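Please open the structure in a viewer and keep the selection tool at hand. The tour below proceeds by selections, each followed by an account of what is found there.

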Amino acid sequence: MSAIKGGDSRASGRGVPGRGRHVAIETPSNFRGAVVRLLRCFGDEWPSLIVVAVSIVAGAALKAIGPARIGSAITEHIERNPDAAAFVRQLVIVLFIYAAAWITDVLSNGFMNRAGNRLVYRLRRDAFGHLQNLSMSFFEHRGIGDIISRVTNDIEMIYSALTNGFSSLLSGVVSIVGILIAMVVLDHRLSLVVLLLLPLLALVTAVIGRLVRKAFRENQALIGELNSVIAESVSSTRLIKTFNKEADTQAQFERVSERARQVGIWAEIAAFSVHPVMRFVNGLATALIVGVGGYLAVTRGGVYSVGLITAFILYARRFFEPLRQITQVYNLIQSALAGAERVFEVMDTEPEITNAPDATLVDDIAGHVEFDRVSFGYLPEQTVVSNISLEAKSGQVVAIVGPTGAGKTTLVNLLSRFYDVLDGGIRVDGRDIRELDVHSLRTRMGVVLQEPYFFADTIMTNIKYGRPTATDAESMESARLAYADHFIRRLPEGYETQLLERGMNLSQGERQLLAIARAILADPRILILDEATSSVDSLTEALIQKALLKLMEGRTSFIIAHRLSTIRNADQVVVLHDHGIVERGTHDELMDADGFYARLYRLQFEEPEITEDMQI
């Protein structure tokens with residue numbers, strides 16, 4: 001399978017037949033492989049598929065019999081031996097035939113929808129479950145929109161192809177074969193009249209098909225561009241308003257939207273041009289059958305009756321409709337198989353971080369952490385940290401400082417085992433973290449980020465996220481210790497206040513305090529604070545500092561901070577620069593040494609306009 005880059009525009013803006021849009025026309029890189037793999041996914045659905053196939057074949061056979069019975073009734077009971085009662089009896093039989101055909105359609109559609117929904121449920125469940133086990137590197141190298149599209153749009157496309165495409169394709173093929181057999185059995189000459197129109201239909205369909213493909217590719221590209229403009233404008237609303245660019249943004253949107261409108265009109269015209277062409281071919285077929293059949297009836301007599309011509313007119317009108325269905329379904333199936341490949345690519349991706357076969361479950365830890373000559377780079381040619389050695393004894397506070405890009409966050413990512421070290425090792429209580437069960441290790445860790453994430457749920461639920469079994473009283477006590485209880489109780493619904501996504505209806509400082517409350521309730525043994533006091537005012541910072549002191553009591557804590565005033569009381573300050581540790585000690589020791597740390601500190605408080613990108 002071809003590699004899929006993050007943010008693949010093909011995955012966005014798709015329509016689904018029956019939902020007002022045409023599909024983006026794509027093809028799988030391995031048609032046969034995608035089909036075989038998708039068929040394997042049906043598993044226990046084969047009984048349903050057998051019912052579908054039998055129902056479709058039975059329905060096609062019944063529909064092929066219908067016109068012949070109508071023609072025979074006209075010939076025998078109107079032309080040759082007029083008998084109204086017998087003719088009515090034949091019509092009743094025809095009604096039963098079409099009623100039985102309708103029942104087969106209901107059966108095939110019902111069982112196909114059942115099988116398709118069950119398959120899609122399993123695909124979506126398995127794909128989402130697999131995503132939960134993938135490593136951080138997978139998400140950092142792919143766009144969020146691409147990942148979401150694979151689990152939603154691509155699987156929805158598979159469902160549409162199964163429920164609409166598979167049934168239509170099989171029904172179309174069987175109908176064409178059944179009608180062709182019925183026509184040849186009735187009369188081969190009139191059958192040739194219908195078949196001679198196929199090359200004309202194929203030529204016109206091929207030309208229109210190319211136009212439709214081109215139009216919808218352009219339309220999909222512009223829809224993707226339009227989505228990008230909308231996403232950028234929404235995510236950068238503050239910037240747009242700050243620089244008074246609302247009018248320019250609106251103008252940009254209108255330019256792209258106008259191009260999308262023009263191309264969309266052309267795409268719809270091209271797509272719907274198939275219908276008048278089909279009507280023209282149907283009309284031409286009817287005219288030819290009437291003309292040729294009438295001529296034969298006059299010149300030959302006997303065999304060529306009004307009933308036979310009527311039957312052929314009915315067959316001709318039904319013969320071209322399945323061809324149109326197959327043409328449309330082919331594109332739908334191609335796009336669905338391309339989507340299936342993308343879904344299978346996610347499910348085939350192996351997690352980079354896995355448990356060793358004999359991994360040890362972590363019941364409890366003291367929190368003694370050692371980095372032993374650790375080296376790591378996100379890419380083979382890129383070194384982020386090299387030969388890092390440091391020790392944090394149980395209950396100690398270790399501050400990690402240094403210029404942007406020095407590797408501060410990388411160290412805590414390695415400790416959380418979001419990535420594995422390339423060289424050296426990290427030990428917790430004397431055991432290499434690669435020998436520990438990764439999930440149980442992470443449950444003993446807590447993280448408070450600069451931008452903490454909250455779900456669109458109640459404050460109480462968000463506080464309990466790391467420990468769902470906690471009582472409401474325990475949750476409120478953790479909020480009180482984090483100095484968050486006072487602002488929560490001032491909210492209209494208190495702890496039952498519904499948060500917006502990311503907690504955007506709270507201030508930055510309130511979100512930080514709520515994140516600290518969540519960490520206190522989770523009761524981790526190792527704590528990671530990543531820029532937890534940045535982007536807040538001094539008064540809020542003082543409150544957060546008090547909450548952090550409560551949180552850090554008795555826990556091994558790693559503090560990443562640019563604001564050096566927040567780490568004066570750390571047991572150990574580790575200074576990173578040029579991929580390694582250049583200094584370590586307490587705040588006072590490093591200030592007395594008058595080295596790199598002291599220069600950073602003075603620059604921050606005496607010359608804050610100086611950037612951190614400085615050389616030793």
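How are H3 and H6 oriented to each other, roughly parallel or roughly antiparallel? The model under examination is a predicted one, and the first selection addresses this question.

**Stop 1: helices H3 and H6**

Select residues 84-133, which form helix H3, together with residues 153-186, which form helix H6. The two helices pack at an angle of about 160°, and their axes lie 9 Å apart. Angles over 145 degrees count as roughly antiparallel, and H3 and H6 are therefore roughly antiparallel to each other. The crossing in which H3 passes H6 is right-handed.

**Stop 2: helices H2 and H3**

Keep H3 selected and add helix H2, residues 46-80. Here the packing angle is about 165°, with the axes 8 Å apart. H2 and H3 are therefore also roughly antiparallel to each other. The handedness should be noted as well: H2 passes H3 in a left-handed crossing, whereas H3 passes H6 in a right-handed one.

**Stop 3: a nonpolar patch on the surface**

Next, select Leu203, Val207, Leu211, Ile265, Trp266 and Ile269, and display their surface. Together these residues make a nonpolar surface patch of about 550 Å². Which elements give two or more residues to the patch? They are helix H8, residues 198-235, and helix H10, residues 246-272. Within this selection, centre the view on Trp266, which is found in helix H10. Trp266 has a relative accessible area of 41%, so this residue is classed as partly exposed.

**Stop 4: salt bridges**

How many salt bridges does the count come to? The count is 17, and three of the pairs can be inspected in turn, beginning with Asp372 and Arg373.

- Select Asp372 and Arg373, whose side chains meet in a salt bridge with an N to O distance of 3.2 Å. Asp372 has 22% relative accessibility and is therefore partly exposed, while Arg373, at 53%, counts as exposed.
- Extend that selection to Glu370 and Arg427: these two residues, with Asp372 and Arg373, are linked in a network of salt bridges.
- Select Asp472 and Lys464, which form a salt bridge in which the closest N and O atoms are 2.6 Å apart. Is Lys464 buried or exposed? Lys464 has a relative accessibility of 16% and therefore counts as buried; the cut-off for this class is under 20%. Its partner Asp472, at 37%, counts as partly exposed.
- Select Asp594 and Arg602, whose side chains meet in a salt bridge at 2.8 Å, N to O. Asp594 is partly exposed at 45% relative accessibility, and Arg602 is partly exposed at 30%.

**Stop 5: the loop at Gly395**

Finally, select Gly395, and show strand S2, residues 385-392, and strand S3, residues 397-401, on either side. Gly395 lies in the loop between these two strands. With a relative accessibility of 32%, Gly395 counts as partly exposed. Now add Ala366 and set a distance label between the two C-alpha atoms. What separation does the model give, in sequence and in space? Gly395 and Ala366 are 29 residues apart in sequence, and their C-alpha atoms are 8.2 Å apart in space.

Terms used:
Residues are numbered from 1 along each chain as its sequence is written. This is a predicted model: local features need pLDDT of at least 70, side-chain atom pairs count only at pLDDT 80 or more; totals for chains, interfaces and linings use all residues. Side-chain values use heavy atoms; hydrogens and water are left out. Patches are made of residues with over 30% relative accessible area and no salt bridge: like charges are joined within 9 Å, nonpolar side chains (Val, Leu, Ile, Met, Phe, Trp, Tyr) within 5 Å. Accessible areas come from the Shrake-Rupley method with a 1.4 Å probe; for residues, only the protein chains shown count as cover. A salt bridge is a side-chain nitrogen of Lys or Arg within 4 Å of a carboxyl oxygen of Asp or Glu. Helices (H or I, at least four residues) and strands (E, at least two) are DSSP runs, numbered from the N terminus. Buried means under 20% relative accessible area, exposed over 50%, partly exposed in between (1.4 Å probe, protein chains only). Axes are lines fitted to C-alpha atoms, for helices over the stretch in contact, and angles run from 0 to 180 degrees between N-to-C directions. Angles under 35 degrees count as roughly parallel, over 145 as roughly antiparallel, 65 to 115 as roughly perpendicular and the rest as oblique. A crossing is left-handed if the near helix is turned anticlockwise from the far one by less than a right angle, and right-handed if clockwise.
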